[in-house]
Amino acid sequence: MSSIIDKIFANATKFIAIGVLLLVAWIFSVLFEHSLKSIEAFGFSFLTETKWAPNLEKFGALPAIYGSVVSTFLAMILAVPIAIGIAIFLSEIAHAKIKTPVGVSIELLAAIPSVVYGMWGLFYFVPIIRDMFGGIGISMLTAGIVLSIMILPFMAAVTRDAMNTTPDILKESAYALGGTKWDVIKDIIIPYAKAGIIGSFILALGRAIGETMAVTFVMGNVHKISTDLTQPATSIPVTLANEFAEADSELYFSSLFELSLLLLVISFTIISIAKFYFLRRKRTGQ
Amino acid sequence: MTYTQKRVIANSIVMALSTLSALIGIGFLLWILSILIINGVDALSMTIFLEEGAPPGNESGGLKHALIGQLMLVGYASAFGVPLGIMAGTYLSEYGLKSKLSETIRDISDIMMSAPSIVIGAFVYAIVVAPSGQFSGWAGSIALMIIMLPIILRTTDDMLQLVPSTLREAAFALGTPKYKVITQVVYRGAKAGILTGVMLGVARVAGETAPLLFTSFNDNFLNTDMSQPMASLTVTMYNYATSPYEDWQKLGWAAAFILSMFILTLNILGRLFLLKRKGK
Amino acid sequence: MATIVDITEEQALKVKNFEFTYAGSDEPNIKKLTMPIAKHSITALIGPSGCGKTTLLRSFNRMHDLYPANRYSGEIIFKDRNILTKNEDLIKLRTQIGMIFQKPTAFPMSIFDNVAYGLRLQGVKNKTELQDRVEKALQDAAIWQEAKDRLKHDANGLSGGQQQRLCIARAIAVEPEVLLFDEPTSALDPISTAGIEELIVGLKERVSIIIVTHNMQQAARVSDYTGFMYLGELVELSPTEELFVTPKERLTEEYITGKFG
């Protein structure tokens with residue numbers, strides 16, 4: 001009797017575990033299948049066409065791709081130096097009494113839902129951008145800044161964790177040769193933790209590019225490519241969030257599915273690079 | 001100026017810049033937090049818990065519909081996602097361990113944990129909403145469950161692997177069948193860790209908005225029928241905040257406050273559990 | 001009462017009434033300790049875990065200042081000044097008093113850059129000067145033969161014993177006056193250990209050496225003076241042979257005969 005239950009239990013867990021894998025494969029295949037109409041209709045030009053006009057049944061993803069790339073890029077150049085600064089502060093400067101509370105608050109802030117960051121951006125940051133740069137304040141720039149603040153806690157926490165992997169004894173050896181803190185950081189800690197730090201940044205990038213709610217509030221969903229960062233714009237997730245529930249034709253839906261697939265493939269690639277190239281998973285339990 | 005003097009100056013500059021950037025970053029985050037608390041507390045009242053949504057302008061609306069909807073969406077997602085995640089994690093740690101299959105599942109789950117949640121919404125739209133012809137609470141719950149699965153799976157896997165193998169061996173040595181060793185010995189040893197994983201997983205999906213936008217959609221009134229569109233705190237927050245009506249915006253802040261406090265509490269509790277376990 | 005031998009020769013360091021308390025602790029780890037350190041000789045510090053020997057060693061180059069809220073008082077005299085004062089230039093002090101750690105600490109850079117690191121910090125930029133001094137340091141640390149063909153290779157490719165000799169080369173390249181060894185062979189195999197010990201003995205012509213060790217045979221093999229510490233106090237400081245053969249304190253005798261420790 002026991003041996004039968006044993007078999008059932010073992011197979012049930014295995015079945016579910018494999019199910020997770022199949023689920024991911026299913027997600028890809030469903031998105032692909034639903035993208036087919038759009039792929040047939042537009043082919044490769046879906047990625048290069050700048051016109052997104054649902055009323056004309058014309059769908060080009062370039063403005064959304066452009067918006068995703070630019071807003072994420074903006075977010076990264078703003079967040080990376082500040083995240084490094086916070087990480088240095090937390091791991092090398094702050095007194096033990098500040099270190100823990102500040103470190104924990106930053107980790108907790110990473111848990112606050114992105115929709116809250118979006119709301120803050122809309123009510124408090126949009127007016128500032130409007131006053132500083134004119135326009136309506138809803139813009140690519142606003143999206144980039146709000147996104148940078150949204151990813152900052154995660155980025156600072158993982159950068160700090162990566163820096164903290166440097167053995168104390170290695171740092172002490174450099175201090176023992178007369179190094180200053182900055183010498184030790186740039187010559188020892190950063191080279192030692194390089195893979196972890198870069199991996200963390202790329203992981204943050206992978207998350208930022210798929211981030212929806214923090215930017216949906218403040219980007220405007222305007223399918224236009226503009227080099228003026230103070231103009232409204234759109235991104236792949238912003239387009240999906242705004243238009244999915246309203247799409248009214250098969251081709252429109254199919255184009256949105258193709259956007260979803262595109263986003264999934266991009267994030268999957270970026271996250272894989274971060275995880276497998278830079279951050280080899282720590283094996284626990286051995 | 002000697003080279004060492006230059007180094008000392010460079011050091012002071014970098015230390016100042018780091019402290020400054022930490023102050024900037026922390027300042028922004030405190031700003032957001034204080035706004036959340038000020039607006040949230042200001043908007044809180046009993047009406048919020050007792051009343052459903054109301055048309056804008058009459059100040060009598062509440063969030064009862066969204067609170068109950070949120071609980072149902074997250075509740076059903078957890079009711080399925082938690083046991084499935086624990087089972088799958090059990091397979092990885094107790095049966096598969098270092099097999100190729102287990103490693104692949106771990107890798108894919110790791111990636112899925114950071115993948116864009118709005119894409120999961122699109123997937124569920126395709127497999128549930130489109131065939132059934134309508135948005136529904138079930139669709140929302142399924143989306144949340146899919147997001148939750150890899151989190152529960154990976155923490156269960158990690159936490160079970162932390163249980164010393166001597167504990168398992170001792171149980172096996174008594175002739176205990178494997179499923180009993182796992183359910184009675186290993187689970188007990190990893191209880192605090194798994195519980196933490198569950199709490200963090202629930203906290204994570206509770207804050208999700210994007211995958212609900214076109215699955216459970218929204219409803220301005222109380223609905224407990226999972227086969228119908230259903231309100232959630234997050235989507236309500238989004239709709240109210242982007243509306244031009246001040247009383248709705250106020251409700252949006254109240255929703256943001258309640259939800260954030262719920263998520264922060266779960267996170268803090270989860271950490272305390274882990275600390276307690278370490279302390280033992 | 002402690003027995004502390006009179007050191008007639010010149011002294012590299014003088015510890016006077018030194019007391020040290022770690023952050024968050026009420027009990028001092030080192031209590032009112034006074035100890036002379038002879039120049040151009042090797043002083044070993046032995047004693048059971050927690051006796052304060054490593055704490056004392058790390059006080060000579062103010063390593064404790066890297067961590068906040070450690071408290072200390074008393075004096076450590078080095079080159080006619082008390083190095084425990086607030087105005088002490090720690091960067092300069094640490095180039096004059098070098099340190100070798102329990103484990104090899106090769107930096108994540110090439111063998112050459114490891115040894116050149118301290119020199120570069122001091123502003124040595126001239127290529128030939130760097131090359132000459134790196135080569136000399138590697139030779140003095142008896143690792144030139146093994147390293148000369150792979151100076152540009154990552155230092156972490158060396159074996160443990162080689163890495164520890166590399167660390168010694170890195171420390172002597174800046175020509176310190178004192179070298180502190182904190183259990184330098186605890187992570188090494190017996191053959192590498194013998195090599196390091198030989199190297200340490202050879203260095204005393206040029207530098208004064210203080211070595212903390214768990215291994216009493218090591219202290220007996222390499223040192224000229226040995227100090228036995230117990231519960232934060234210096235119980236006995238004698239010429240090494242005397243301390244091991246005719247200890248003056250009962251505690252010392254009990255420790256070296258293995259009655260506790």
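Let's start inside chain B, with a histidine: His65(B) counts as buried, at 1% relative accessibility. Keep in mind as you look around that this is a predicted model. His65(B) belongs to helix α3 of chain B, which covers residues 64–96. What does His65(B) touch, once residues up to four places away in sequence are left out? One group of partners is Glu51(B), Glu52(B) and Gly53(B), and another is the run Asp219(B), Asn220(B), Phe221(B) and Leu222(B). Ala231(B), Thr236(B) and Tyr240(B) complete the list. Take Gly53(B) as an example of how the chain comes back on itself: 12 residues separate it from His65(B) in sequence, and the two C-alpha atoms are 6.9 Å apart in space.

From there, hop over to Asn218(B). This residue sits in a loop of chain B, between α9 (191–206) and α10 (233–241). Is Asn218(B) buried or exposed? It's buried, because its relative accessible area is 16% and the cut-off for buried is under 20%. Leaving out residues up to four places away in sequence, Asn218(B) touches Pro229(B), Met230(B), Ala231(B) and Ser232(B), along with Val235(B), Thr236(B) and Asn239(B). Ala231(B) and Thr236(B) may ring a bell, since both are also on the contact list of His65(B).

Now zoom out to chain A. You'll find 11 helices and two strands here. Walking from the N terminus, you pass two helices, then the two strands, and after that it's helices to the end of the element list. The C-alpha atoms fill a box of roughly 75 × 70 × 30 Å along the principal axes. Of the 286 residues in chain A, 59% are buried. Sequence-distant pairs are well represented too: of the contacts between residues at least 6 apart in sequence, 72% join residues at least 24 apart. On the outside, chain A exposes about 11,400 Å², with carbon and sulfur atoms supplying 66% of that. Its charged side chains come to 20 positive and 20 negative, and the centres of those two sets lie 10 Å apart.

How far can you lean on chain A? Its pLDDT averages 92, and 98% of the residues score at least 70. Helix α10 (residues 236–243) has the highest confidence in the chain, at 96, while helix α4 (residues 96–109) has the lowest, with a mean of 87. Look out for residues 282–286 of chain A, though: pLDDT stays under 50 there, and the model has seven contacts beyond four places in sequence for that stretch.

Finally, chain C. This one has 10 helices and 11 strands. Chain C is as compact as a globular protein of its length, because its radius of gyration of 18 Å is close to the 18 Å that the globule rule gives for 261 residues. Along the principal axes, its C-alpha trace spans about 55 × 40 × 35 Å. Buried residues account for 53% of the chain, and 68% of the contacts between residues at least 6 apart in sequence join residues at least 24 apart. The accessible surface comes to about 11,500 Å², and 48% of it belongs to carbon and sulfur atoms. As for charge, chain C carries 31 positive and 35 negative side chains, and the centres of the two sets are 5 Å apart. Confidence here averages a pLDDT of 94, with 99% of the residues scoring at least 70. For the complex, the predictor gives an ipTM of 0.93 and a pTM of 0.89.

Note on methods: Residues are numbered from 1 along each chain as its sequence is written. Chains are lettered from A and ligands numbered from 1 in the order in which they are written. This is a predicted model: local features need pLDDT of at least 70, side-chain atom pairs count only at pLDDT 80 or more; totals for chains, interfaces and linings use all residues. Side-chain values use heavy atoms; hydrogens and water are left out. Helices (H or I, at least four residues) and strands (E, at least two) are DSSP runs, numbered from the N terminus. The radius of gyration is taken over C-alpha atoms; the globule rule is 2.2 Å times the number of residues to the power 0.38. Buried means under 20% relative accessible area, exposed over 50%, partly exposed in between (1.4 Å probe, protein chains only). Contact means heavy atoms within 4.5 Å. Accessible areas come from the Shrake-Rupley method with a 1.4 Å probe; for residues, only the protein chains shown count as cover. Lys and Arg count as positive and Asp and Glu as negative; His and the chain ends are not counted. The place of a charge is taken as NZ of Lys, CZ of Arg, CG of Asp or CD of Glu. pLDDT is the predictor's confidence in each residue, from 0 to 100.
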